[in-house]
2 protein chains.
Amino acid sequence: MPMTLRTAQDQDATVAVAIGDSARAAEWQAALIDAAPDFTIVRAEAMAAPAVADFAVVWRAPLGMLSRFPRLKAVLSLGAGVDGILSNRELEPGVPVVRMVDEALTQGMVEYVLWHVLRYQRRAPELLAAQRRQEWLPIAAPLASERCVGVMGLGVLGEAAARRLTAIGFRVKGWSRTPRQLDGIETFSGTTGLAGFLGGVEILICFLPLTPETENILAAPLFAALAPGAFLINAARGEHLVEADLLEALAAGRLAGATLDAFRTEPLPADHPFWKHPAITVTPHVASLTRAASGARHLAAEMRRILAGEAPLHAARRDRGY
Amino acid sequence: MPMTLRTAQDQDATVAVAIGDSARAAEWQAALIDAAPDFTIVRAEAMAAPAVADFAVVWRAPLGMLSRFPRLKAVLSLGAGVDGILSNRELEPGVPVVRMVDEALTQGMVEYVLWHVLRYQRRAPELLAAQRRQEWLPIAAPLASERCVGVMGLGVLGEAAARRLTAIGFRVKGWSRTPRQLDGIETFSGTTGLAGFLGGVEILICFLPLTPETENILAAPLFAALAPGAFLINAARGEHLVEADLLEALAAGRLAGATLDAFRTEPLPADHPFWKHPAITVTPHVASLTRAASGARHLAAEMRRILAGEAPLHAARRDRGY
């Protein structure tokens, strides 16, 4: 359900928005009209002359879409991850890709992660299983300060989550591609820092961008380096996880549980073993949603910067893949 | 499993500790020895001359215990609530009762409450039910800032929880017997303030002390004043809740769910309808546990104040019942 946008004074400045879900396409169109009333917003499929489009605002740009717009000044993402856009062979080499940065998206992600970290810290699976057995089982939970949480990826989302977890009292370690300094958080970086990061981590959260380096990183060697009986929360991409290794680590007790929000195939196929696994929590890619109102303000500001000849504030680095 | 304590230089200064659970009695004895090495700590049942005991440190002082110690300078509680001690007819009128105040107890309670508030905010019951049906159901969750949480009782625990929920972004309302001012929290007090407090509350948390005024307060009229489809978290006492009214409010949809940590009879009897109710989460009085190390330091400090002729910092007010 794509839409296009055209500046009032210049019929050449046009934005095409393509998202996979029509209800949200209408919502984005309305929010973009609010955020940029001097632009003309048109659905891409309703556009008579795609050659005049300056911007494409896309969710997962299906093949055949970007190639319709030969004069794009930028492609703007509606989601936090841009791996789908960067890997699209119809993306012209010189066209910048703008990432979605949205306070509501960040806040929602932090709340999702907090819920699952607290579930595991408070021994929710054991308590809820005891209730199902009608068994009064007063098991003590550790305090947050007695739990070590590892945050992989210290971009906007990972940093916000790490800071919130620290404020609540958790002992937090962070890992990123390049070195970072964060108050109260023990940070590690690069391949050489990975073993030091993983050691002792009892709850691991993956916020990594999907790149050739991070694909399949959640696998047997990584699981073996965590504290025994650790928990995994994957809020990033299904392609980060080697599914067979997760099932094996759970069966062997090296991991005690996993919460997964993203999958290699979405919706998760009905016959997938994750659905019925007692130690796996499946959430249907709802960790966080971009809010149209705040997201459209971000998109409008980035488009104006580009029209003014400035670099966007949140351009993806195509060389590093995010 | 009671124990007694005796100062080294004064055989008359003795503390009797009685708790219902022998594993913890040993733990408390060890922690008290660490916290007050100049005292002599003896289990009450092993005490040759109960008449010399200055202090009783008790959990739920069963009948027949306090009456054994005729010269108590104070009774000190091992738990946050003192309703069981204050209602004990063997408690002498002039003997002060000291409440447990323990940073670990507070922190644990805040983490328990945060877990359940986030569960309800993130629509966990619906998501987990969809997983059981193997259904991909991408339902959006509101942000914390779009949820109104009501905190009943603004003592040490309620205030700490209200502040933490506010820091995470929730809209928080608070209610207490006497007026309180808390930054960023809309506060109400007394019977006249109750309706204003309850209106619009979507998640209600009860931290109230158990008194004749608060007994049975969680009942049909209160449920009807909340936002439709609200959630209840009772982290206080089973006697606050009218069980039949809760079941009726859930059946009618006025409440959407409840998490209960305390019950009129504990352990909750095997045939109790709460166990199998799909909208009720039962936790076995584990919201928070006093930690022996930090709790014993608090008890030792209060005993020293009393021995020095000072008032304890955390005396229960027998006239108001907490």
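**Exercise 1. Classify the lining of the second largest cavity, and state its residues and volume.**

Solution. By class, the lining comprises 2 nonpolar, 2 polar and 2 charged residues. The structure under study is a predicted model.

Step 1. The residues that line this second largest cavity are A:Trp59, A:Arg60, A:Gly81, A:Gly84, A:Ile85 and A:Arg237.

Step 2. Assign the classes. Trp and Ile count as nonpolar, Arg as charged, and Gly as polar. A:Trp59 and A:Ile85 are therefore the nonpolar members, A:Gly81 and A:Gly84 the polar ones, and A:Arg60 and A:Arg237 the charged ones.

Step 3. The second largest cavity holds about 60 Å³ of space.

**Exercise 2. Determine how many cavities of 30 Å³ or more there are, and describe what lines the largest cavity.**

Solution. Step 1. The principle is that rolling a probe the size of a water molecule over the atoms shows where empty space is left. The count comes to 4 cavities of 30 Å³ or more.

Step 2. The volume of the largest cavity is about 80 Å³.

Step 3. From chain A, the lining of the largest cavity takes A:Arg122, A:Ile139, A:Ala140, A:Ala141 and A:Leu143. From chain B, the lining takes B:Ala104, B:Gly108, B:Val286, B:Ala287, B:Ser288, B:Leu289 and B:Arg291.

Step 4. These lining residues divide into 8 nonpolar, 2 polar and 2 charged.

**Exercise 3. Examine three salt bridges, A:Arg123 with A:Glu126, A:Glu135 with A:Arg133, and B:Arg180 with B:Glu159, and state the exposure of their residues where a value is available.**

Solution. Step 1. Over all chains, the count of salt bridges comes to 26.

Step 2. In the pair A:Arg123 and A:Glu126, the closest N and O atoms are 2.8 Å apart. A:Arg123 has 24% relative accessibility and so counts as partly exposed; A:Glu126, at 37%, is also partly exposed.

Step 3. For A:Glu135 and A:Arg133, the closest N and O atoms are 2.7 Å apart. Relative accessibility is 32% for A:Glu135, which counts as partly exposed, and 49% for A:Arg133, likewise partly exposed.

Step 4. B:Arg180 and B:Glu159 have their closest N and O atoms 2.8 Å apart. B:Arg180 lies in the loop between strand 8 (171-176) and strand 9 (186-189) of chain B, and B:Glu159 lies in helix 5 (residues 156-168) of chain B, so this salt bridge ties together parts that are 21 residues apart in sequence. With 27% relative accessibility, B:Arg180 is partly exposed.

Step 5. In chain A, a network of salt bridges links A:Glu159, A:Arg163 and A:Arg180.

**Exercise 4. Establish whether A:Ala74 is buried or exposed, and describe its surroundings.**

Solution. Step 1. A:Ala74 belongs to strand 5 (residues 74-77) of chain A.

Step 2. The relative accessible area of A:Ala74 is 0%. Buried means under 20%, so A:Ala74 is buried.

Step 3. Apart from neighbours within four places in sequence, A:Ala74 is in contact with A:Asp54, A:Phe55, A:Ala56, A:Val95, A:Pro96, A:Val98 and A:Ile306.

Step 4. A:Ala74 and A:Ala315 are 241 residues apart along the chain, and their C-alpha atoms are separated by 9.5 Å.

**Exercise 5. Identify which relation places chain B on chain A.**

Solution. Step 1. A turn of 180° with a shift of 0.0 Å along the axis lays chain B on chain A with an RMSD of 0.1 Å. This is the relation of a two-fold axis.

Step 2. Of the residues of chain B, B:Trp115 comes closest to the rotation axis, at 3.0 Å (C-alpha).

Step 3. The copies meet through the same surface, because 100% of the interface residues of chain B are also interface residues in chain A.

Key. Residues are numbered from 1 along each chain as its sequence is written. Chains are lettered from A and ligands numbered from 1 in the order in which they are written. This is a predicted model: local features need pLDDT of at least 70, side-chain atom pairs count only at pLDDT 80 or more; totals for chains, interfaces and linings use all residues. Side-chain values use heavy atoms; hydrogens and water are left out. On a 1 Å grid over the protein atoms alone, a cavity is a set of points where a 1.4 Å probe fits but cannot get out, and a pocket is an open set with protein on both sides within 12 Å along at least five of seven lines; lining residues have an atom within 4 Å of a point. Grid points are joined across faces, edges and corners, and a volume is the space filled by probe spheres set on the points. A salt bridge is a side-chain nitrogen of Lys or Arg within 4 Å of a carboxyl oxygen of Asp or Glu. Buried means under 20% relative accessible area, exposed over 50%, partly exposed in between (1.4 Å probe, protein chains only). Helices (H or I, at least four residues) and strands (E, at least two) are DSSP runs, numbered from the N terminus. Contact means heavy atoms within 4.5 Å. Copies are superposed by least squares on the C-alpha atoms of residues with pLDDT of at least 70 in both.
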